[in-house]
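I'm opening a fresh notebook page for this one. I'll jot down what I look up as I go, one stop at a time.

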Amino acid sequence: MKVLAFLILIVNVIFANSLNELLKEYKDNSANSLKTVDEKIGNVIVYSQKELRLMQHNKLSDVLKELPLLNLNKNRYGISTPSLATTKATLSGFFRLYINDQEVSSIHTQSFATSWGEMPLDFVDYIEVYYGDSSFSLGSETGIYFIRVYTKSANKENSTELKTIFSNNNSLSQSLTHSDVFTNDWSYLLFLNQSTTKDDNSYKNQKLKNDMKSRYFYIDLTNDTTKINLSYVDIQKDNYMGLSKDVVPQQGEIKTQDYFINFSKYLLEDKSLKIGASYTINTREHEEEDDELLPIPAANGNTLQEYQENLKFTKTTGYISKKLNLGSNKLLTSFHIKNKTYKIKNSKIVTSRNTKKETTYSFTLEDELKINNDFMLIGNLKYDKYKRDDYLEDENEEMYRIGFIYTPFRNFGIKSFYTKTYLPPTFYNVDFVSKTNKNIQTQQYKFFVTEAVFTTEKSKLGITYHNVKIDDFIYYLNNPFVPGFINIDHQIQTEGLMFNYKYNISEQNDVTINYYMTKTSETSNNTEDGGYIKFMGRYSSFEYFASIIYKEGYSFKPTNGINHVVVDDSFDLNLGATYYYTKDLSFSLKGENLLKESTESLFFDGQKNENFSLDDFGRTLSLSVKWVF
C-alpha cells in the first residue's frame, strides 16, 4: 500500500497541467531563506518563518522531532538528543548547530542538545537543515547534519514582541524580542527568555525527576558589512536517571552555562573577502548520589556511590575567506584556526589531565564549474592539521567531495554527491575511553547521496537515496568490567530511501507527506522507518495546523544474551490553531502527542541486568499569547 500510494503521487506530478522551474521549490519560504539556501552544500530542508509560525514550532526540539532520517529520544540525563536513524546515542557528535555564523555545539561532547536543544524560536527567522555534507563552506567543523538557524532582521522587524506560553503540566515560557534601527546604519535585535519545564516520568512506581529551568540571552548588532552576535545560556535541571545503577537516583543535578561572542566583516565592496572571529566558554557542573552507580572507566573497577565534576571549556576561532570568479568557475577558499582548551576545576571521578588543548588549522577550497545552464560540477577539498597535548596524538586529516547538479528539464532535476569525511574523537570520548582501547582512532566516513526532484506549479516530489560506510566507529561499550568508548573493529554500512511530497492546496493551505526507509549492517536499537503528514494554512483571522509523525516500531535483540525489548509504532498527533484578535495580538492553542503514542527510548537497568523502554514525552496542551508593538 505504501508503494502504491507513492506511485499515485508520482503520476500526479508527471501529468500535472502546468510546470514550474525546479529550483523554485520553496515558494512559500521567506525571501531571505531563498537567498541563503546553497544547493552546492548538500540536500536541504528549509523551515521558513511562515512554517515555524503556522506549525507553532516554539522550540528547536519541535523541529528536530519532525526531521526525517533521524530519531529524537531522551538519554539517561533526560535530554532530548538527536541520533541517526536506526541508532540511539546518549550524546551525538553527528549534528552541528549554527546560529548565524556561530557554531554552538558543546566543546566537550560536540552535542548541542543540553544547552540548545530546547532553544526558543521566537527570535528565529528561518532554519536550514543540510544532510550529507561536511562543513566545507560552513566552517571548520565536521559532521553529518548541519542545522543553520538564522535570526530575525532588525530592519525587517523593528518592533517589540512579548510572548508567554502556559502548559497543562505547569511549564511556563516567557520571551521578549526587541529590535530597533539607528540612524547611523546600525541595527540591533535583543532576545530574552526564561522558561520552567516540568517533564517528570516514572519507573518501578518511582518518580524520575526531569524538571528544568533555562534562561536565554541573545543580541545581534548589524550594519551592511559587519555583524556582532553575543549570547548567554544557562540550564539547571534534574539528572533524570543519570548514572544510577537501579535507574532511580537519590539525588542529582546538572548545571551548564554557555557564552559566546562572534564577529564577522566583509572587507571589499563586492563582499568577496570576509573575516571572522569568535570566543566561546562552556561550563558544566554535574553531581549525583545513589547506593550504587553504573561502572565508568575512571572508577577502575571500584563501586561508586557519588559522581561530581566541575568543568570549563573554551574555544577561540578565526578565519578568512575569499570568493573568486574565473570564467565558468566560482571558487571559494578559506583558512581557519581553532583552539580548544579543557580545564577540570573540580572532579572526584575524572582523573586524567588537569588541562587539555587542541588546535586545528584548516584550509578549504570549493570549485563550482558551470558546464552549461543545465549542468554544474562541484568539487571540494579540505585539509585539517591537529596539534594536541597529552593523550591524543597530532594528526592530519583530509576531506573531499565531488558532485553534480543536472536539470535537463524545467520540471526535473537530479543532484548527487560523494563525500569522504571524518569525525575526530572528542574530549568526552577521551575522558570515558575504555581501558582496552586506549589509542582511540578518528572515525572515517564515506557516503553517497543522490536526490531527484519533480515539480509542478503546485507540487514537488523529491526522492533521496543515501549509502554510508563507516570505519573505526566510536561506540560506548556497557561492559561492567571494562566500560567505555571503543572503536568498532569492522566497517558499518547503512543505506536508505526517502520520499517527500508537497502540494499547495491553495495560496493559503498546503500539505506535505514524507516517508523514509533505512537499514543497517548492525543490530538496530531504534526505529528504522518513519515519516509524517502535515497540513497547515490560514483562513480569515485563523491559522491552523495538523500533523502526525510516524516512527515504526522495532524489536531490540542484543547479542549479549540480555532480554530483548519490543517497541510499538509511534503515532505523534499534533493539532493547533491561532486566532488573531488584531494583527498585533494573537492567542494560540496547541496539543501535542494527543494519542499518547510517543516514541520510546531504550535504557539499561544495571541492578536487574535487563533492558527496558520508556516514553520520550507525554501528552501536552499549551496556550500562548503574543503581543507585538
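**Entry 1: a hairpin late in the chain**

I started with Leu 602, which stands opposite Ser 613 in β36. Before going on, I noted that this is a predicted model, where local features need pLDDT of at least 70, side-chain atom pairs count only at pLDDT 80 or more, and totals for chains, interfaces and linings use all residues. Residues are numbered from 1 along each chain as its sequence is written, and side-chain values use heavy atoms, with hydrogens and water left out.

Strand β35 (residues 600-605) and β36 run antiparallel, joined by six bridges. For the names, strands (E, at least two residues) and helices (H or I, at least four residues) are DSSP runs numbered from the N terminus. Two strands count as paired if DSSP finds at least two bridges between them. β35 and β36 form a hairpin with four residues between them, and Asn 609 in the turn has a positive phi of about 55 degrees.

Next I clicked on Glu 610, which lies in strand β36 (residues 610-615). Is Glu 610 buried or exposed? Neither quite: Glu 610 is partly exposed, because its relative accessible area is 28% and the classes are buried under 20%, exposed over 50% and partly exposed in between (1.4 Å probe, protein chains only). Leaving out residues up to four places away in sequence, Glu 610 touches Tyr 203, Ile 562, Asn 563, Phe 603, Phe 604 and Asp 605; contact here means heavy atoms within 4.5 Å. I also checked His 564: it is 46 residues from Glu 610 in sequence, with 8.5 Å between the two C-alpha atoms.

**Entry 2: another hairpin**

I then looked at strand β25 (residues 474-477) and strand β26 (residues 484-487), which run antiparallel with four bridges between them. Leu 477 faces Gly 484 in β26. Six residues make the hairpin connection from β25 to β26.

**Entry 3: an open sheet and the cores**

I traced an open sheet of five strands, in the order β1-β6-β7-β4-β5, and its pairing is mixed. β1 (43-47) and β5 (102-103) are the edge strands, each pairing on one side only. β1 pairs with strand β6 (residues 124-131) in the antiparallel sense over five bridges. One bridge to note is Asn 43, whose partner in β6 is Tyr 131.

Then I went for the inside. The largest nonpolar core has 47 residues, and Trp 116, Met 119, Ile 127 and Tyr 445 have the most contacts inside it. Such a core is a set of buried Ala, Val, Leu, Ile, Met, Phe, Trp, Tyr and Cys residues joined through side-chain atoms within 4.5 Å. β6 gives the largest share of this core, four residues. A second, separate core of 18 residues includes Tyr 77, Ala 113, Leu 293 and Tyr 307.

I lingered on Ile 127. Not counting residues up to four places away in sequence, its contacts include Ile 45, Val 46, Tyr 47, Leu 52 and Leu 60.

**Entry 4: salt bridges**

How many salt bridges does a search of the whole structure find? The search finds 34, a salt bridge being a side-chain nitrogen of Lys or Arg within 4 Å of a carboxyl oxygen of Asp or Glu.

I looked up a few of them. Lys 227 and Asp 220 meet through their side chains at 3.0 Å, N to O. Lys 227 counts as partly exposed because its relative accessibility is 24%, whereas Asp 220, at 5%, counts as buried.

Lys 271 and Asp 224 make another salt bridge, at 3.4 Å, N to O. This pair links distant parts of the chain, 47 residues apart: Lys 271 is in the loop between β15 (251-266) and β16 (273-289), and Asp 224 in the loop between β13 (212-222) and β14 (226-238).

Glu 543 and Arg 538 pair at 3.1 Å, N to O. Glu 543 is buried at 2% relative accessibility, while Arg 538 is partly exposed at 29%.

I also found a network of salt bridges that links Asp 62, Lys 65, Asp 572, Lys 590 and Glu 592.
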